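Here are my notes on the model you sent. Please read them with the structure open.

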Amino acid sequence: MSDRTINQQPHRESEGPAPATATAPHTHANGSEPDDFAVQIADSVESFVLAVTEVAKGDEPGSAVSLLLLEVSQLLLAGGRLGAIEDVVPEDRFEPDAGPEPDGEQLRERLAVLLAPIDVYHEVFDPYGPPEKPNAFRISDDLAGVVSELQHGLTHYREGRVSEALWWWQFSYLSNWGTTCTAVLRALQSLIAHVRLDSPIGAAADGADTDDDGLTDEQLEQQAGDLMAAELGLGR
């Protein structure tokens, strides 16, 4: 998982007023039927998890980048809806045990193989923070991490803990996967723009961890450009 991942679980206290916003807290009794909002968010989350898993199988490598661009965009719409409402208020003071976390290593490895020439990208973490050098990240790491976080909420949702699922998706969107998906979306959009606008893809920055595989920067750049050109049906 990329360095953006927040590994610490939140300690949730029930005392104290909720932050003032324009909307009321989103509450939902565990074990009851989910409302339309919860169903729509859960559908978006499950669709993303299934789609990324299918793309990672590598059956259609020529459409991988385009499909991931669409799926990440749609997930960010669901995340925006979660960010626009006031804090979700779960029933329990502490998060119930969701069981063993799914192992996302196989998904990460498959995505890394599929996206090898274009996996590494560079991003500035906080656009409002002090000036900093871009850091190197991997699309495969980021997507596998996002899927893992979303699956954690899906476990709660499928077991009838709707408020817990919404709380987790909202918290993790604000603390991690919203930022991660935004960065991945920029990388995917940039890849397509480079090819469509016939703009060469730059080499990795000095010191970037790109798992040296013996290829020169020029060869890596050519591979990335050829991959995108083939996907978009453009001749090079």
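1. Glutamate 149 sits in helix H4, which covers residues 139-158. This is a predicted model, so treat each point below as a reading of a prediction. Is glutamate 149 buried or exposed? Its relative accessibility is 10%. Buried means under 20%, so glutamate 149 counts as buried.

2. Which residues does glutamate 149 touch? Leaving aside residues up to four places away in sequence, the list is Trp168, Ser172, Asn176 and Trp177. One of these, Trp168, is itself buried, with a relative accessible area of 6%. Helix H5 spans residues 162-196.

3. Now the aromatic side chains. The count comes to six aromatic pairs. One of them joins tyrosine 121 and phenylalanine 137. The ring centres are 6.0 Å apart, and the planes make an angle of 35 degrees. This pair is tilted. Why is it not called stacked or edge-to-face? Stacked needs planes under 30 degrees apart and edge-to-face needs over 60, so the rest count as tilted.

4. Where do the two partners lie? Tyrosine 121 is in strand E3, residues 120-123. Phenylalanine 137 is in strand E4, residues 135-138. The two are 16 residues apart, and the pair links distant parts of the chain. Both ends are covered: tyrosine 121 is buried at 7% relative accessible area, and phenylalanine 137 is buried at 5%.

5. A second pair is made by tryptophan 167 and tryptophan 168. Their ring centres are 6.3 Å apart. The planes meet at 50 degrees, so this pair is tilted too. Tryptophan 167 has 9% relative accessibility and counts as buried. Tryptophan 168, at 6%, is also buried. Trp167 and Trp168 belong to one aromatic cluster with Phe171.

6. Next, the packing of helix H1 (residues 36-56) on helix H5. How do the two helices lie? Their axes are 11 Å apart, at an angle of about 60 degrees. H1 and H5 are therefore oblique to each other. The crossing of H1 past H5 is left-handed.

7. Which side chains should you display at this packing site? On the H1 side, choose Phe37, Ala38, Ile41, Ala42 and Val45. On the H5 side, choose Val162, Leu166 and Trp169. These are the residues that meet between the two helices.

8. For contrast, look at valine 113 in helix H3, residues 105-114. Its relative accessibility is 67%. Exposed means over 50%, so valine 113 counts as exposed. Valine 113 and glycine 58 are 55 residues apart along the chain, yet their C-alpha atoms are separated by 8.8 Å.

9. Last, the chain as a whole. It has six helices and four strands. Along the sequence they run β-α-α-β-α-β-β-α-α-α. Of the 236 residues, 38% are buried. Take the contacts between residues at least 6 apart in sequence: 79% of them join residues at least 24 apart. The accessible surface comes to about 12,900 Å², and carbon and sulfur atoms account for 51% of it.

Terms used
Residues numbered from 1 in each chain as written. Predicted model: local features only at pLDDT ≥ 70, side-chain atom pairs only at ≥ 80, totals over all residues. Heavy atoms only, no water. Buried < 20%, exposed > 50% of the residue type's maximum accessible area, 1.4 Å probe, protein only. Contact = heavy atoms within 4.5 Å. Areas by Shrake-Rupley, 256 points an atom, 1.4 Å probe, with all protein chains shown as cover. Phe/Tyr/Trp six-rings, centres within 6.5 Å; stacked < 30°, edge-to-face > 60°. Axes fitted to C-alpha atoms, helices over the stretch in contact; angles between N-to-C directions. Parallel < 35°, antiparallel > 145°, perpendicular 65-115°, else oblique. Left-handed = near helix turned anticlockwise from the far one by under 90°.
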